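Got your viewer open? Keep the selection box handy, and we'll go from whole chains down to single residues.

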Amino acid sequence: MDRINKIRNFCIVAHIDHGKSTLADRLIEKTGTLAKRDMQEQLLDSMELEREKGITIKLTPTKMNYTLDGETYELNLIDTPGHVDFTYEVSRSLAACEGAILIVDASQGVEAQTLANAYLAIDNNLEILPVINKIDLPSARPEEVKKEVEDVVGIPAMHAPCISAKEGTNIEDVLKMIVKEFPSPKGDENGKLKALIFDSYYDNFKGAICLVRIFDGTLKVGDKVKMMQTGKIYDVTEVGVFVPNEKPVDVLRAGDVGYLAGSIKTISDVAVGDTITKVDNPITEALPGYKEVQPVVFCGIFPVDGARYNDLKDGLEKLKLNDASLQFQPEVSQALGFGFRCGFLGLLHLEIITERLEREFDLDIITTAPSVFYHVYKTNGEMIELSNPSSLPNPVEIDYIEEPMVKASVFAPPNYVGAIMDLCQEKRGIYKDLTYLDENRVRLNYTLPLGEIIYDFFDSLKSRTKGYASFDYEMAGYERSDLVKVDILLNGEKCDALSIIVFKDKAYARGRVLTEKLKKIIPRQLFEVPVQAAIGGKVIARETIKAMRKDVLAKCYGGDVTRKRKLLEKQKEGKKRMRKVGSVEIPSEAFMSILKLDDGE
Amino acid sequence: MLGVYVHIPFCDGKCSYCGFSSFVKTDDEKERYINSLVEEIKEFAGEKKREIDSIYIGGGTPSILPINLICKLFEALKENFKWKDGLEFTIEANPCSLDEEKLSFYKKNGVNRISLGVQSLDENQLKFIGRRHSSIEAIDAVKLAKKYFDNVSCDLLIGLKDMDENAFLAQINTLAELGITHISAYMLQVEEGTRLHRLVEKNKHLLPTDDDCVDVYEKMTDKLAILGFSQYEISNFAKQGYESYHNFKYWTGQEYVGFGLGAHSYLNGKRIANDTTFSGYYDRIHTIEAINDQQRLEEHIMLGLRCKAGISKIVMKTLGYDITTNSNLVEFVEKGILNQQGDIITLNPDYYGVSNYIIVKLLPE
């Protein structure tokens, strides 16, 4: 049999927490790719944070050998990130495969991302094989879930393997299915080189590494290759495969999945979705589907201790090495000093980056309220794009503003439809349709402003549906909207880091909640501090922080001055976490607290 | 010159707010303690008798000691130190354990100042904090003390349950009429691990608010001024010439030696803290902390600003800190929060209630 006919390139897609990484681990274990003792739970999630959050952020492919009926097959598993923030990365890794395993939780059934990911796979012309996981759970209902897959996703599922990845039940069925049902790659190894970059990461010694799928031709050390989108040219210094660690090989051929290194200095030079060809014998047409990834959520990040600005810069640069989608540029805030305006693929991405900055670089940071990218049309005909509320021009200069919209699907049991509709209504959603998937599940489609989703939508959805709803969205262009900037004034002085852009009809309510919240968080000062919310020059809400009356150390018993001094030193430490805006001291938590305004307030 | 502090960790019961080293013990145990105390004094003095100008016997409740035991202590202090003329000798007492016999004995042995733990003259408040005396007993004790001593100080607590401004000021009046010469008025501090702390945890509104406490504190200050008591420290008020000399040593970084369980000393730039358990004390377990210039500076600012005496720019400079470089100083002086007169900076008494906030701002960055 031909070499290429014994290759299977596939990925696993699923809703979050349906067991993708666990199945990947079992496949690696069953094929003997790693001895059991070398296995670490959920091996492919290599980042500490990934394992902790139970999600995959960076892709890690693995080459496995599996023998069936005397023939040894090469199975390339391309793991995919399981979150809506990373949809583009998922779509590129799907493009590197011929088949996709669609895992569905035997008790939860089809969820928002089950469907979103299945459609992504269908869009990429992949063969999709459903697998019903977690049959060990007492609440498992595999037969019903199979029917749900057929009805909702619209693919045959009656012969889907029913497995427990956790307990290793029926894993062999999955392996057999991969060999029998997934097509082998098509491609001509004698043709011109055509390879897809589906991911990249940074290695301190080798530089940026491209994860590639070869469609046609061959790739070996010494080749001069060209990235078709960026136009950059590199000499290949190493090619290899993942087993699952990097292992150099002599050559990668059509159908193979592997990596290439070529002394590529920065990760930004490697665009995921780009096509690689050879300089001396190039193809003319790149692979389809390339898209520049654009961040959609933005916020300011500042060091709590202003002296650590350079450490923060260093941290962001190091994270950027491995994450081309992270964007940042210097920003100066009157209140927070020097920091960075950062762009992310979504809220989860934002959360991951801030957590990594704090953990891996030991930084205390202040994050300002997340914002989206607005299109501001000025009366002079000019259009400016901005995400930072404090850069919004004077209201008289603004003709109108457009905000980004998303198409959102919410999946939930029917008894929560009312609650979800209320929430979407509050979030300025426009109802599209409602579909009964079966008697236990409905799908609601809405168009919503992205700016509403990044403000407290996930938490509200979870709390109002007792965690039963799942949610997915995709960007859906810009729409004109009536937006205003709400400023916060402390003791009459504007605090730029607390400004927000909101829908006009909500400005009063938000202003009131914000001032109440700040009153609770900002400690009393030597003098009375008015806290005001204002649109332009007009105050829309006001609270007053009364002057501090009592801050006095207790008596020192029997000459125990040391105890008193230590109390003082502790207090002095606490002061370091304060930011001064005009004459008012604000604890750094205040800036973050406005990100989340509790439901009840 | 050196001052001496002696700690008597015995009480006839535990007050609800007390987070300090005090225990209810039998007479035998008290005797063992006094013997150990006498040994500790001897060990410290060695051959050479150092001159001292203040003695403060605090507690706990020193007046709870029977005469035979207090006598041993007095003798040890006499034998091992050279008493300077005019030495200030204070003993703390509570209203229950004071009687004429003890008072006359104290006087005979050189005590010249009595500090009475009155705390309140309101029956309910006294019960609430677990004092074992009534307000009548407290007033009688003041009268009795005054019969033997000119210099009598009373401790009062601000911020007790059901505090009432007028009632509080009336107490001050009553005490002043009895002829006391000194008042220490502290704001009640709820310390963790105390009975009071547990009560407050259960009922957040049990005690008056901070604002109410400061209101009463300020009214009290005004009242005391009218009555002829001047405020020489945040919590301490005295008729002219009756300021406590011993306390002043703590606040101005002078040397003192502390004997007994949990007592502190400040000698040769080191602060020594005796263990706070009986067994630890008997084994002479203690911790030593060398106070460096930075800490000395912090203490100078922290304690000095709480006193009428203020802080000295020159002293701070010798400790490596030019306070004029502190940006907050200018702001506070402009706003009248601090007064600057030559070398000395003092805190405007109107801001004593928030002194800690100001102090933290004046520390070196």
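A contact here means heavy atoms within 4.5 Å. With that in hand, select chain B: among its contacts between residues at least 6 apart in sequence, 70% join residues at least 24 apart. One thing to keep in mind as you click around is that this is a predicted model.

**Stop 1: chain B as a whole**

Stay on chain B and colour by secondary structure; you should get 14 helices and 15 strands. Its C-alpha atoms fill a box of roughly 60 × 50 × 40 Å along the principal axes. The radius of gyration is 21 Å, which agrees with the value near 21 Å for a compact globule of 365 residues. Of those 365 residues, 58% are buried. Switch on the surface and you're looking at about 15300 Å² of exposed area, with carbon and sulfur atoms supplying 49% of it.

**Stop 2: chain A as a whole**

Now select chain A, where there are 14 helices and 32 strands. Its radius of gyration is 27 Å, close to the 25 Å that the globule rule gives for 601 residues, so chain A is as compact as a globular protein of that length. The box around its C-alpha atoms is roughly 85 × 70 × 55 Å, again along the principal axes. Buried residues come to 57% of the 601. For contacts with a separation of 6 or more, residues 24 or more positions apart account for 69%. The exposed area of chain A is about 25200 Å², and carbon and sulfur atoms supply 48% of that.

**Stop 3: a five-stranded sheet in chain A**

In what order do the strands of the open sheet in chain A run? Read across and you get E2-E3-E1-E4-E5, with mixed pairing. Select 61-68 (E2) and 127-133 (E5) of chain A: these stand at the edges with a single partner strand each, so one side of each has no neighbour in the sheet. Look along the sheet for the twist, since neighbouring strands are turned by 30° against each other on average, direction ignored.

Zoom in on the E2 edge. E2(A) pairs with E3 (residues 71-78) of chain A in the antiparallel sense, over eight bridges. To pick out one position there, show A:Pro61, which stands opposite A:Ile78 in E3(A).

Next, add helix H6, residues 171-181 of chain A. H6(A) packs on this sheet and touches E1 (7-14), E2, E3, E4 (99-105) and E5, and its direction makes about 90° with that of E2(A).

**Stop 4: helices around the sheet**

Keep H6(A) on screen and add H1, residues 20-30 of chain A: the two axes come within 10 Å and cross at roughly 80°. Angles of 65 to 115 degrees count as roughly perpendicular, so that is the label for H1(A) against H6(A). For the side chains, show A:Leu23, A:Arg26, A:Leu27 and A:Lys30 from H1(A), which meet A:Ile171, A:Glu172, A:Val174, A:Leu175 and A:Ile178 in H6(A).

Then jump to H3, residues 87-95 of chain A. Is H3(A) mostly covered or mostly open? Mostly covered: eight of its nine residues are buried. Among them are A:Tyr88, A:Glu89, A:Arg92 and A:Leu94. The cover includes E1 and E3 from the sheet, along with H4 (112-123), E6 (194-203) and E7 (207-216) of chain A.

**Stop 5: where the chains meet**

Select H13 of chain A (residues 561-575) and H11 of chain B (residues 293-304). Their axes come within 10 Å and cross at roughly 90°, which makes H13(A) roughly perpendicular to H11(B). On the H13(A) side the contact is made by A:Val561, A:Lys564, A:Arg565, A:Leu568, A:Glu569 and A:Lys572, and on the H11(B) side by residues including B:Gln294, B:Glu298, B:Met302 and B:Leu303.

Another pick is B:Ser355, in helix H14 (residues 355-362) of chain B. At 1% relative accessibility it counts as buried. Beyond its neighbours within four places in sequence, B:Ser355 is in contact with A:Asp551 and A:Val552 across in chain A, and with B:Ile234 and B:Leu347.

**Last stop: B:Leu69**

Finish in helix H2 (residues 67-80) of chain B, where B:Leu69 is found. B:Leu69 is buried, at 3% relative accessibility. Set its neighbours within four places in sequence aside, and its contacts are B:Asp27, B:Lys30, B:Glu31 and B:Ile34. Draw a distance from B:Leu69 to B:Glu31: they sit 38 residues apart along the chain, yet their C-alpha atoms are separated by 6.6 Å.

Notes. Residues numbered from 1 in each chain as written. Chains lettered and ligands numbered in written order. Heavy atoms only, no water. Pairing = 2+ DSSP bridges. Helix = DSSP H or I, 4+ residues; strand = E, 2+ residues; numbered from the N terminus. Axes fitted to C-alpha atoms, helices over the stretch in contact; angles between N-to-C directions. Rg over C-alpha atoms; globule rule 2.2 N^0.38 Å. Buried < 20%, exposed > 50% of the residue type's maximum accessible area, 1.4 Å probe, protein only. Areas by Shrake-Rupley, 256 points an atom, 1.4 Å probe, with all protein chains shown as cover. Parallel < 35°, antiparallel > 145°, perpendicular 65-115°, else oblique.
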